[in-house]
Amino acid sequence: SEFNVPFKVEGSCGMEAESKVLVSASLESGGKAGEELLVKSIVSNTGNELTTYTIRATGYTNWASSVSQDLNTVVLSAGDSREVLFTFNVDKDVSGDQLFNVEVISGDQVISKQPVSVTIEKSGFAFPGDIEDNKYLWGIAIINVILIIAIISIVIRMGKR
């Protein structure tokens, strides 16, 4: 036999339903492999009461060895905002777009998990890789070879006269 039983789900079951915080982030400085990367995050209390938040960065371990931040805990009144600066020690062999999360915790629950994308550039001049990918360097090299061959052929002709 088959029964249809109607039921109603109520309450704040997801993070978004409970979240009374807004998080944004922007690159302040850095962005090269092997150097420090500074990201500024702004945490805003969109709720109606004074709230204590714990802020942390997660999900960065595949491109940075460590992170430090100027504030771990912020206490915000309704409508207030606060900056939190994250300083990442970027690994030397990383490049391209990388992700991390700014997590905001209130009580025992993560109430916001904001993904942040940063772009990491190669550091310095990596001889084989940079030449392989650079069409301008190849063009200059070919022009130089042609000029050297032309100069040598002119010198040989003048030497025979």
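Select Phe100 first: at 1% relative accessibility this residue counts as buried. The model on screen is a predicted one, so it is reasonable to colour it by confidence before going further. The mean pLDDT of the protein is 83, with 82% of the residues reaching 70 or more. Over residues 11-17, however, the pLDDT is below 50, and in the model this stretch has six contacts beyond near neighbours in sequence.

**The aromatic residues**

Keep Phe100 selected and add Tyr60, Trp63, Phe86 and Phe88, since together these five residues form one aromatic cluster. A search of the whole structure finds six aromatic pairs. One of them joins Phe86 and Phe100 in an edge-to-face arrangement, with 6.3 Å from centre to centre and 65° between the planes. Because Phe86 lies in strand β6 and Phe100 in strand β7 (residues 96-106), this pair ties together parts that are 14 residues apart in sequence. Phe86, for its part, is buried, with a relative accessible area of 0%.

**Thr58 and its contacts**

Next, select Thr58, which is found in strand β3 (residues 51-58), and display the residues around it. Leaving aside neighbours within four places in sequence, Thr58 is in contact with Phe100, Asn101 and Glu103, which brings the tour back to the starting residue. With Glu103 there is also a polar contact between the two side chains, at 3.4 Å.

**The open sheet**

Now switch to a cartoon view and select β1, β2, β6 and β4, the four strands that form an open sheet in that order with antiparallel pairing. Its edge strands are β1 (21-29) and β4 (64-69), each of which pairs on one side only. From one strand to the next, the twist averages 25°.

Zoom in on β2 (residues 36-45) and β6 (residues 81-90), which run antiparallel and are joined by nine bridges. Within this pairing, Glu36 can be picked out opposite Asn89 in β6.

Then move to the other neighbour of β2: eight bridges join β1 to β2, and these strands also run antiparallel. To see one such bridge, select Leu27, whose partner in β2 is Val39. For the last stop, follow the chain through the hairpin that β1 and β2 form, with six residues between them, and select Gly30 in the turn, where phi is positive at about 90°.

Key. Residues numbered from 1 in each chain as written. Predicted model: local features only at pLDDT ≥ 70, side-chain atom pairs only at ≥ 80, totals over all residues. Heavy atoms only, no water. Pairing = 2+ DSSP bridges. Helix = DSSP H or I, 4+ residues; strand = E, 2+ residues; numbered from the N terminus. Axes fitted to C-alpha atoms, helices over the stretch in contact; angles between N-to-C directions. pLDDT = per-residue confidence, 0-100. Contact = heavy atoms within 4.5 Å. Polar contact = N/O pair within 3.5 Å; in protein donor to acceptor, adjacent residues only side chain to side chain. Phe/Tyr/Trp six-rings, centres within 6.5 Å; stacked < 30°, edge-to-face > 60°. Buried < 20%, exposed > 50% of the residue type's maximum accessible area, 1.4 Å probe, protein only.
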